[in-house]
Amino acid sequence: MQKKVFTLISMVLLVAAVSKAGSLNRDEIVRDADWSKMKAVTVSMGEFKFEPSRLHFTAGVPYKLTIRNTGEVKHYFVSEGFFKAIALRKVETRDGEIKAPYLTAVEVFPGRSIDLYFVPVSQDTYELTCTIKGHAEMGMAGHVVVE
Ligand SMILES: [Cu+2]
């Protein structure tokens with residue numbers, strides 16, 4: 001019985017240590033990245049597509065991703081997996097910037113753009129979509145690849 005309790009406590013401590021390392025690690029990745037070597041990528045959203053519909057990033061490289069809405073109506077850039085796969089530095093628009101640990105959705109108004117500054121961390125291929133009703137079905141779907 002005592003051994004079981006001890007094992008349980010060890011596991012709880014291990015989980016706590018791992019999650020703390022995870023968040024520290026992302027702050028360190030953003031801080032330690034060489035932002036003078038940042039690469040710029042642009043994706044355009046319009047009726048009804050992402051251009052390009054497949055985005056490519058390399059893990060460990062700092063990026064500025066400009067999400068531009070060239071259409072007539074508002075659009076969303078949503079990639080749940082990709083948002084979890086990056087160490088986010090900040091989100092910037094011409095009106096200011098936002099520092100947050102992670103994103104859930106990016107909405108861009110017609111004729112406007114939003115810049116994301118981040119370092120990709122986890123390699124995989126992630127689904128990209130616009131979550132406005134009907135837009136994905138009309139073609140606003142794609143992929144984000146982290147290599
Ligand atoms: Cu849309």
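This is a short tour of some strand pairings in a predicted model.

**Stop one: β1 and its partners**

Start by selecting residues 39-46, which make up strand β1. Now add residues 63-69, strand β4. The two run parallel, and 7 bridges join them. For a specific spot to zoom in on, pick S44 and look across to β4: the bridge partner there is R68.

Keep β1 on screen and bring up residues 49-51, which form strand β2. Parallel or antiparallel this time? Antiparallel, with β1 and β2 pairing over 3 bridges. Click on G46 and you'll find its bridge partner in β2, K49. While you're there, trace the chain from β1 into β2: the link is a hairpin, and it goes through 2 residues.

**Stop two: the β3-β11-β10 sheet**

Clear the selection and pick up three other elements: residues 54-57 for β3, residues 124-129 for β10, and residues 141-146 for β11. Together they give you an open sheet of 3 strands in the order β3-β11-β10, and the pairing is mixed. Which strands sit at the edges? Those are β3 and β10, each of which pairs on one side only. Rotate the view to see how the strands lie against one another: neighbours in this sheet are turned by 20° on average, ignoring direction.

Next, hide β10 and stay with β3 and β11. Their pairing is parallel and spans 4 bridges. To finish, select F57 and look directly across into β11, where V146 stands opposite.

Note on methods. Residues are numbered from 1 along each chain as its sequence is written. This is a predicted model: local features need pLDDT of at least 70, side-chain atom pairs count only at pLDDT 80 or more; totals for chains, interfaces and linings use all residues. Two strands pair if DSSP finds at least two bridges between them. Axes are lines fitted to C-alpha atoms, for helices over the stretch in contact, and angles run from 0 to 180 degrees between N-to-C directions.
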